[in-house]
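Colleague: I have a moment before the next gel, so could you walk me through this model?
Modeller: Gladly, let us look at the chain together.

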Amino acid sequence: MKKFYQEHYPSGKPNKADPIWVIRQKGKILCALRLKQTTNAQLLTGMVTEPNHRHLGLGSHLINSLHPVLDGTPTYCFALTHLVPFYNANHFTSISAEMLPKELESRFKAYTTQGRSLTPMRYIGRQ
């Protein structure tokens with residue numbers, strides 16, 4: 001996992017305490033996401049698809065296969081602004097930063113203060 005993130009998403013440092021889901025083909029990781037656990041919520045983070053396998057629906061498949069996990073605990077993500085349509089298509093909705101749990105709100109504000117263009121989103125499930 002660590003090698004996959006180093007290659008494709010260096011800032012996405014896996015933590016053994018957080019669950020990570022992957023799609024593999026012949027042992028090679030093609031797509032991964034991590035759910036950072038907080039006190040009363042989880043943050044979908046570290047979502048990355050190997051560049052040669054992007055735009056094939058792997059990310060959507062992974063998110064949709066985790067519906068029970070995402071639905072069981074309030075789930076949020078900080079979407080790169082250009083990826084908001086992807087997350088909208090996968091059952092997330094944009095929210096204001098003030099609607100985030102306090103722990104996530106402070107993290108979000110720290111990231112955006114660093115100049116990252118992010119949109120806070122919440123998983124709303126299949127409706």
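**Surface and fold**

Modeller: To begin with the outside, the protein chain in this predicted model has an accessible surface of about 7,300 Å², and carbon and sulfur atoms account for 52% of that surface.

Colleague: And what share of the residues is buried?
Modeller: Of the 127 residues in the protein chain, 43% are buried.

Colleague: How many helices and strands are there?
Modeller: The protein chain has 5 helices and 6 strands, and along the sequence they follow the pattern α-β-β-β-α-α-β-α-β-α-β.

Colleague: What about the radius of gyration, what does a compact globule lead us to expect?
Modeller: For 127 residues a compact globule would have a radius of gyration near 14 Å, and because the protein chain has 14 Å, the two agree. The C-alpha trace spans about 45 × 35 × 30 Å along its principal axes.

Colleague: Switching to α2, which of its residues are buried?
Modeller: In helix α2, which runs over residues 58–65, the buried ones are Leu58, Gly59, Leu62 and Ile63. They lie on the same side of α2, because the arc they cover around the axis is only 130°.

Colleague: What do those buried residues pack against?
Modeller: The buried residues of α2 pack against the strands β1 (20–25), β2 (28–37), β3 (42–49) and β5 (92–94), and also against the helices α3 (67–72) and α4 (84–89).

Colleague: Last one, how far apart are the mean positions of the positive and negative charges?
Modeller: They are 7 Å apart, taken over the 16 positive and 7 negative charges of the protein chain.

Notes: Residues are numbered from 1 along each chain as its sequence is written. This is a predicted model: local features need pLDDT of at least 70, side-chain atom pairs count only at pLDDT 80 or more; totals for chains, interfaces and linings use all residues. Side-chain values use heavy atoms; hydrogens and water are left out. Helices (H or I, at least four residues) and strands (E, at least two) are DSSP runs, numbered from the N terminus. The radius of gyration is taken over C-alpha atoms; the globule rule is 2.2 Å times the number of residues to the power 0.38. Buried means under 20% relative accessible area, exposed over 50%, partly exposed in between (1.4 Å probe, protein chains only). Accessible areas come from the Shrake-Rupley method with a 1.4 Å probe; for residues, only the protein chains shown count as cover. Lys and Arg count as positive and Asp and Glu as negative; His and the chain ends are not counted. The place of a charge is taken as NZ of Lys, CZ of Arg, CG of Asp or CD of Glu. The arc is that of the directions from the helix axis to the C-beta atoms. Contact means heavy atoms within 4.5 Å.
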